[in-house]
Amino acid sequence: MKEKLLDIKNLTIHYITDDGVVKAVNGIDIELNKGETLGLVGETGAGKTTTALGIMRLVPNPPGKILSGEINFEGNDLLKLPEGEMRKIRGNKISMIFQDPMTSLNPVMTVGEQLAEVIQIHEGLSNEEAIEKAKKMLELVGIPGARHTDYPHQFSGGMKQRVVIAIALACNPQLLIADEPTTALDVTIQAQVLDLMKRLKEEFNTAMILITHDLGVVAEVCDKVAIMYAGEIVESASLEDLFENPKHPYTLGLFGSIPNLEEEVERLNPIKGLMPDPTNLPSGCPFHPRCPKAKDLCKIQVPKTTDLGNGHKVRCLIYEGLVEA
Amino acid sequence: MAKNKMAMAGLGILLILILLAIFADVIAPYEEVAIKQNLAMRLKGPSAEHWLGTDEFGRDIFARIIHGARVSLKVGIVAVGISILIGGSLGAVAAYYGGKVDNFIMRFMDILLAVPSILLAIAIVSALGSSLFNLMLAIGIASVPSYARIVIASVLSIKDQEFIEAARAIGANDFIIITRHIIPNALAPVIVQGTLGVAGAILSTAGLSFIGLGIQPPAPEWGSMLAGGRAYLRDAWHVTTFPGLVIMITILALNLLGDGLRDALDPKLKQ
């Protein structure tokens, strides 16, 4: 049995604004063991980033509010920790890589200073020692250590993302949350950065939550996958189970919309409709307005999580036996 | 910045002025030359003895200009210091806390902005009485709103940027975020405005002295020298021309320096 690192139970995060309550995350459960990689997949607005910020306890407040749930990390509930303790965890035990490397580095500090900053905050080293370690971290991500005196604008996008990865891994965290780390990069650089993250993750034995909307990226890097829709995890399983045997109509739709290399198709086959407005989620199953298999009951009854065995969980009335497929 | 010739020229002129001001007593003793009247030597043009001529009381204009530099530069720098300190902290507080605090502070600033700054300075000096400190205070307060506006704008744009969130995500506390991430990013426009503001403050001092609310005679000050020589413009052009030129050159130098600083503080223009 692997050691459990992160156990999120019933996490609910809403943004309370003048125009209504944005139900960004609605009671999700996530489990992650040490060294494992979870792919969190979903469309824009599915609540992936909010989940990540929730784990870091960085949901902007106001308007964001963590309404309920537990985030157990190494046995402590992060939601109950005082802010000062939480600061000691951020960047040290849990790190985050943001989507856009162009804006997640401070433009007026050299990359060496920014790397040294996180090392100094958590390891209490002297300036010189921190800079030395910063150089080593840069070398580790494939940037010459001598470039530690350069400013972020002197690096290309891919190199900036490497710097960001170096910052995130500088204190050897237990958990790395990568929020669409490759979305802002072009495809060849994406592959490089993913390889780098995969290699370093194995080297440091770091668990990772990889947020993405690219199933290809998931297939390459992850051990487990959770599919998010409208703030809920609709299906979660091991990588093989999910790719070989997807169950939820939404997951099926996602796979259906990927064009097949071998067949000539005139048009792509998307999931019809759009993501529901998170201030006004549909009744019953949030996916029912777009679901090809939806029946009347789906409009009324909220599906529960059904365990199909081997850790494969799905939230759909079909698998509760209430609706015929 | 060393590559920017204009900015270096500005800096050079300023350094010369500052040195002249510091060694003013050595070059031309205050009591004997700068304020001692000599009616026999009234309104004499430039000569070997009096490089820039003499004024309406026979005092050496060069000596009065370098002694006046002490006052003008001090007023300029201290007044700008006062406005950056007050305006900057008010602006930062407003931007940081937002909501009602922001509203209260900025509406007050709007009221101050609605009054022309020279009029505000005149009002403050007349209310407090004319002394060097009151003059600096008046000029400083009069330009508080512009610094508050600059700081609030830059802090607002910076505090929501992703690198601030990233700094939070590495466990930085508010102090580190404010001092290492927000202030250095917000500072550039303030420093630039500051150097330009010194020029403005020197002009305001000259203006206030010109109308008799600034430095009191017989102490030399550029603006009051202008005011004093105005009556003799027809016969003795040098009495107003030289102080006027010095004001112009000083302000030009400060503006060049300000432009250079703006470029130097932008890391994107660094080589």
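Colleague: Before we start, which residues go into a patch?

Modeller: Patches are made of residues with over 30% relative accessible area and no salt bridge, with like charges joined within 9 Å and nonpolar side chains (Val, Leu, Ile, Met, Phe, Trp, Tyr) within 5 Å. Accessible areas come from the Shrake-Rupley method with a 1.4 Å probe, and for residues only the protein chains shown count as cover. A salt bridge is a side-chain nitrogen of Lys or Arg within 4 Å of a carboxyl oxygen of Asp or Glu.

Colleague: Thanks! And what kind of model is this?

Modeller: This is a predicted model, where local features need pLDDT of at least 70 and side-chain atom pairs count only at pLDDT 80 or more, while totals for chains, interfaces and linings use all residues. Residues are numbered from 1 along each chain as its sequence is written, chains are lettered from A in the order in which they are written, and side-chain values use heavy atoms, without hydrogens and water.

Colleague: OK, so which residues form the nonpolar patch?

Modeller: On the surface, L15(B), I18(B), L19(B), I22(B), F23(B), V26(B) and I27(B) form the patch, with about 660 Å² of accessible area together.

Colleague: Which element gives the most to it?

Modeller: That is α1(B), with 4 residues. Both α1 (5-22) and α2 (24-27) of chain B supply at least two residues each. L19(B), for instance, lies in helix α1 of chain B.

Colleague: How many helices and strands does chain B have?

Modeller: Chain B has 12 helices and 0 strands. Helices (H or I, at least four residues) and strands (E, at least two) are DSSP runs, numbered from the N terminus. The C-alpha trace of chain B spans about 75 × 45 × 30 Å along its principal axes.

Colleague: New topic: how many residues of chain B are in contact with chain A?

Modeller: 18 residues of chain B are in contact with 27 residues of chain A, where contact means heavy atoms within 4.5 Å. The area buried between the two chains is about 2000 Å², and carbon and sulfur atoms give 61% of it. Buried area is the accessible area (1.4 Å probe) that two parts lose on being put together, summed over both.

Colleague: Which three residues supply 30% of chain B's buried area?

Modeller: E162(B), I170(B) and R180(B), more than any other three residues.

Colleague: What does R180(B) form with E117(A)?

Modeller: A salt bridge, with the closest N and O atoms 3.9 Å apart. The rule finds 1 salt bridge across this interface.
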